[in-house]
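The questions below walk through one structure, beginning with a strand pairing and moving outward to helices, aromatic rings and cysteines. Each answer sets out its reasoning before it arrives at the name or value asked for.

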Amino acid sequence: MPAKKNKKGPTKGSGGKNRRSLEGKKTTLPKEERHWYPGKKPRGAKGAPSGGAHAAQGGRPEAGEAPRQAPGGELLIGRNPVVEALRAGMPAVRLFIANSLDPDARVNEASRLAGDRGLEISEVTRGELDRRCDSNGLPGAAHQGIALQVRPYRYSAPEDLSEAARAAGQAPLIVALDGVTDPHNLGAIARSAAAFGAHGLLVQERRAAGVTMAAWKTSAGTLAKLPVAQAVNLTRALEGYKREGLFVVGLDAGGDTRLDAITLAEDPLVVVVGSEGKGLSRLVREACDTVAGIPITGAESLNASVAAGVALYEVARRRTPGQ
């Protein structure tokens, strides 16, 4: 009588009846064809992956696939900010335009400027543009049917700002931000700085606002023309400016003197704007040659960007002959 089969024991052979389930359903894709590989080749491309614009942007998503953000890139949205950025030559890789837009002079100009610079122009649905905004941390943003994919911002070194001013034969005027964390304030201060002849902004590398798309939009493109430097340690950077011969004036409601009484406006100058809530930090305040207050009535304090605008106007007025 034949021996009974042991149903609970392992099946003899390499895989037995489960052999097919152990086999791969298809060959492993080469790394160049995997979606996460930085140098992924476009479909149908031959040879080594290209370093051109398409590769840099990760390619066009397949139908139904969520759009992918370009490595290190961000979206600048809105008709005025996009046009201003293109006019200023802001480094960019791609212009997105919704396919249901009504004719508009700003959209036409943006398309022309992008074409003149050789940027890729993609006509997309509003839904896809919404998804791209979502993936860039701009949920529900009013993109107005247009967006510009820009390259990461390149900061200057603190000494570059003063050197550029002297190379132009001008007394340096630099605006330093001490703990300003709101990118909208940074953008607004940039507009005032450019309007009143400042040579650049100095921001902290950590725990402070940087040049993000929110700052770009608020600046209305000014940040394409006004250099921004980063400092690991703001106090040390201010001390470095002082060794170069610049004077440092801090803005604070409890300042040592009134803004309109300072005597340093016509000299090489750094104007330091404190944070939205705390004002100047202790070490930065100690590094200032003087701390000036803006006389006001009817309010406890001024917003950081408003205070910067008032101070820069006063400096520009004092530097203008006959004023």
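Q: Which residue in S4 is the bridge partner of Glu-74?
A: The model is a predicted one, and in it strand S1 covers residues 74-77, while strand S4 covers 146-150. These two strands run antiparallel and are joined by 4 bridges. The partner of Glu-74 in S4 is Val-150.

Q: Which residue stands opposite Val-150 on the S2 side?
A: Strand S2, made of residues 92-98, pairs with S4 in the antiparallel sense, and 5 bridges hold that pairing. Within it, the residue that faces Val-150 of S4 is Ala-92.

Q: What is the order of the strands in the open sheet?
A: The sheet has 4 strands, and their pairing is mixed. S1 (74-77) and S3 (120-124) each have a single partner strand and therefore stand at the edges, with one side of each left without a neighbour in the sheet. From one strand to the next the twist averages 25°. The order is S1-S4-S2-S3.

Q: In which sense do S2 and S3 pair, parallel or antiparallel?
A: The two strands are joined over 5 bridges, and Ala-98 is placed opposite Val-124 of S3. The sense of this pairing is parallel.

Q: Which strands does helix H5 touch, and what angle does its direction make with that of S2?
A: Helix H5 is formed by residues 126-135 and packs on the sheet. Its contacts there are with S1, S2, S3 and S4, and its direction makes with that of S2 an angle of about 135°.

Q: At what angle does helix H3 run to S4?
A: Helix H3 consists of residues 79-87 and lies across S1, S2 and S4. Its angle to S4 is about 40°.

Q: How many residues of S4 are buried, and which ones point each way?
A: In a regular strand the side chains alternate between the two faces of the sheet. In S4, Ala-147 and Gln-149 point one way, whereas Ile-146, Leu-148 and Val-150 point the other way, and all are buried. The strand is mostly covered, and the count of its buried residues is 5 of 5.

Q: Is Leu-86 buried or exposed?
A: Leu-86 is found in helix H3, and, leaving aside its neighbours within four places in sequence, it is in contact with Ala-110, Leu-113, Ala-114, Arg-117, Leu-119 and Leu-148. Its C-alpha atom is separated by 9.6 Å from that of Ser-111, a residue 25 places away along the chain. Buried means under 20% relative accessible area, and at 3% Leu-86 therefore counts as buried.

Q: Why do the buried residues of helix H6 line one face of the helix?
A: In H6, residues 158-167, the buried residues are Pro-158, Leu-161, Ser-162 and Ala-165. What covers them includes strand S5 (173-177), S6, strand S7 (228-231) and helix H9 (234-243). They line one face because, seen down the axis of H6, they fall within an arc of 85°.

Q: Which residue just after H6 takes a positive phi?
A: The phi in question is about 75°, and the residue that takes it is Gly-169.

Q: How is the ring pair of Tyr-153 and Tyr-155 classed?
A: The whole structure holds 2 aromatic pairs. In this one the ring centres are 4.9 Å apart and the planes are at 75°. Planes over 60 degrees apart count as edge-to-face, so the pair of Tyr-153 and Tyr-155 is edge-to-face.

Q: How far apart in sequence are the parts that the pair of Phe-196 and Tyr-313 ties together?
A: The rings of Phe-196 and Tyr-313 have their centres 6.0 Å apart and their planes at 70°, so this pair is edge-to-face. Phe-196 lies in the loop between helix H7 (183-195) and strand S6 (200-204), and Tyr-313 belongs to helix H11 (residues 304-319), so the parts tied together are apart in sequence by 117 residues.

Q: How many disulfides does the structure hold?
A: Cys-133 is buried, with a relative accessible area of 2%, and Cys-288 is buried as well, with 10%. The number of disulfides in the structure is 0.

Notes:
Residues numbered from 1 in each chain as written. Predicted model: local features only at pLDDT ≥ 70, side-chain atom pairs only at ≥ 80, totals over all residues. Heavy atoms only, no water. Pairing = 2+ DSSP bridges. Axes fitted to C-alpha atoms, helices over the stretch in contact; angles between N-to-C directions. Contact = heavy atoms within 4.5 Å. Phe/Tyr/Trp six-rings, centres within 6.5 Å; stacked < 30°, edge-to-face > 60°. Disulfide = S-S within 2.5 Å. Buried < 20%, exposed > 50% of the residue type's maximum accessible area, 1.4 Å probe, protein only. Arc of directions from axis to C-beta.
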